[in-house]
Amino acid sequence: MKLGKKIITVLLIWCMCYNVAIITFAEENSVNAETSETSMEKIDALLMASLYLNSSDITEDILVSDSIVKEVIPLYNEISDIVAWYVTFEPTGYAVINNNKNNPIAIEFGQGSKKAIEDILCEISSPHIIYNNPTDIYEENNSIETYNLKNDLYDFYPNLVVEDKNVALQLQQLKTRIFSEISLYGDDDYGFIHWEDMPEGAYTSNLISNTLNTEWATTGEFESIADNHCGAVAATNLALYFSNRGYTKLKINSVYDTFVAVHNFVGNGPVANINNKTKEYFASRGYTLNSTYLSLYSHIKAAIDENRPCSLLLADGIANWHWVIGIGYRQYNAGGSYVRIIDGWEKSSTNFYLYNTGSSFMDGYKYWVN
């Protein structure tokens with residue numbers, strides 16, 4: 001199975017969107033109704049679900065780059081032991097993960113969601129769902145009278161209680177990678193560099209048009225009306241940039257008024273994906289914003305050469321994220337790949353970001369307008 005950046009992105013987005021207590025994540029405090037040494041945490045179930053839904057060894061990738069976790073729900077047997085976890089993603093994808101850290105295999109997974117479980121969730125706000133097998137699922141209070149206690153999950157699938165060292169190792173490798181690549185807290189320094197502090201030496205560079213005469217928005221201007229709003233500021237800066245390129249209806253009177261209008265779509269953060277909401281704002285002003293997903297420096301560089309700005313999501317830690325706009329690059333002959341950015345904190349267009357140094361590039365999009 002792949003241990004790709006997409007999986008890490010999905011995990012971190014879950015931490016952002018669901019306000020997970022970071023210290024709980026780090027210490028792996030139990031959330032189970034039992035204290036079995038083999039019981040898993042919610043985070044373990046999420047990781048394994050992400051692995052299965054992005055595994056070229058098993059199936060085509062199901063999760064998309066901007067997937068977010070919808071729910072992580074325990075599934076029980078008749079004596080209230082958690083036997084599995086039901087994990088769902090938006091816009092698509094689900095998995096049922098065996099509640100055994102020594103064999104955290106997916107019992108079932110696929111696109112969409114599990115109808116039998118979703119039907120219960122629609123009817124009952126906090127259900128106690130019994131999961132005996134993929135076709136025998138019900139809410140505890142609606143169990144049939146003829147239920148036989150011998151017909152639980154482990155009777156149907158006895159191998160689920162047998163240790164699988166390979167699958168268990170995959171889970172541990174992914175957790176190790178996450179904690180080694182991205183710290184929990186970060187240092188609040190995303191590694192941005194001013195023009196005058198850039199290295200000397202020969203380089204090639206490029207800059208998209210209409211950047212030097214664009215008035216950019218910054219987070220400090222809107223602190224009284226918004227919170228965690230770097231995503232909305234980045235979306236505003238895309239609107240301001242394309243307005244300066246001739247799509248004039250994207251700017252409404254002033255930078256301030258434009259931000260207010262964009263913020264009505266993007267909202268406060270943390271925002272894991274600004275792409276769709278930014279498109280909605282452009283559509284409301286009569287324009288079609290097109291985009292293509294970016295995951296590598298070479299993608300960013302190619303976008304700049306096509307005269308297309310980029311939104312870039314940077315992670316300084318699980319709890320520290322920031323959206324910036326890529327407007328250029330500088331590639332040193334002796335080595336060093338830099339992205340020229342609008343950082344959302346200064347109105348300057350002469351700041352740089354050394355790729356994957358100071359903070360990690362998670363993903364982004366390049367944009368153009370019809």
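A residue is called buried when its relative accessible area is under 20%, exposed when that area is over 50%, and partly exposed in between. In the predicted model described here, Val260 has a relative accessibility of 32% and therefore counts as partly exposed. This residue is found in helix H8, which covers residues 255-266, and together with Ile225 and Tyr256 it makes a nonpolar surface patch of about 230 Å².

The chain as a whole provides the setting for these local features. Ten helices and 14 strands are present in the protein chain, and of its 370 residues, 52% are buried. Among the contacts in the protein chain with a separation of 6 or more, 65% are accounted for by residues 24 or more positions apart. The area exposed by the protein chain comes to about 16,300 Å², and carbon and sulfur atoms supply 47% of this area.

The backbone was examined next. As a general background, most residues other than glycine have a negative phi. Asn210, although it is not a glycine, has a positive phi of about 65°. Its place is in the loop between strand S8 (203-207) and helix H7 (230-244), and with a relative accessible area of 29% Asn210 is partly exposed, because this value is neither under 20% nor over 50%. A positive phi is also found at Asn356, where the angle is near 60°. Asn356 lies in the loop between strand S13 (351-354) and strand S14 (360-369), and its relative accessibility of 37% likewise places Asn356 in the partly exposed class.

Attention then turned to the cysteines. A disulfide is a covalent bond between the sulfur atoms of two cysteines. The structure holds zero disulfides. Two of the cysteines can be described by their accessibility: Cys122, at 68%, is over the 50% limit and so counts as exposed, whereas Cys310, at 0%, is under the 20% limit and so counts as buried.

Aromatic side chains were also surveyed, and a search of the whole structure finds 22 aromatic pairs. One of these is formed by Phe242 and Tyr247, whose rings are 6.3 Å apart from centre to centre, with 65° between the planes, in an edge-to-face arrangement. The two members of this pair fall into separate accessibility classes, since Phe242, at 2% relative accessibility, is buried, while Tyr247, with a relative accessible area of 23%, is partly exposed. In another pair, the ring centres of Tyr332 and Tyr338 are 5.5 Å apart and the planes stand at 70°; because an angle over 60 degrees counts as edge-to-face, this pair is edge-to-face. Tyr332 is buried, with a relative accessible area of 5%, and Tyr338 is buried as well, with a value of 7%.

Ring pairs also join several aromatic residues into a cluster, whose members are Trp216, Tyr241, Phe242, Tyr247, Phe265, Tyr281, Phe282 and Tyr287. The edge-to-face pair of Phe242 and Tyr247 thus has both of its residues in this cluster.

Terms used:
Residues are numbered from 1 along each chain as its sequence is written. This is a predicted model: local features need pLDDT of at least 70, side-chain atom pairs count only at pLDDT 80 or more; totals for chains, interfaces and linings use all residues. Side-chain values use heavy atoms; hydrogens and water are left out. Patches are made of residues with over 30% relative accessible area and no salt bridge: like charges are joined within 9 Å, nonpolar side chains (Val, Leu, Ile, Met, Phe, Trp, Tyr) within 5 Å. Accessible areas come from the Shrake-Rupley method with a 1.4 Å probe; for residues, only the protein chains shown count as cover. A salt bridge is a side-chain nitrogen of Lys or Arg within 4 Å of a carboxyl oxygen of Asp or Glu. Helices (H or I, at least four residues) and strands (E, at least two) are DSSP runs, numbered from the N terminus. Buried means under 20% relative accessible area, exposed over 50%, partly exposed in between (1.4 Å probe, protein chains only). Contact means heavy atoms within 4.5 Å. A disulfide is a pair of cysteine sulfur atoms within 2.5 Å. Rings of Phe, Tyr and Trp (its six-membered ring) pair if their centres lie within 6.5 Å; planes under 30 degrees apart count as stacked, over 60 as edge-to-face and the rest as tilted.
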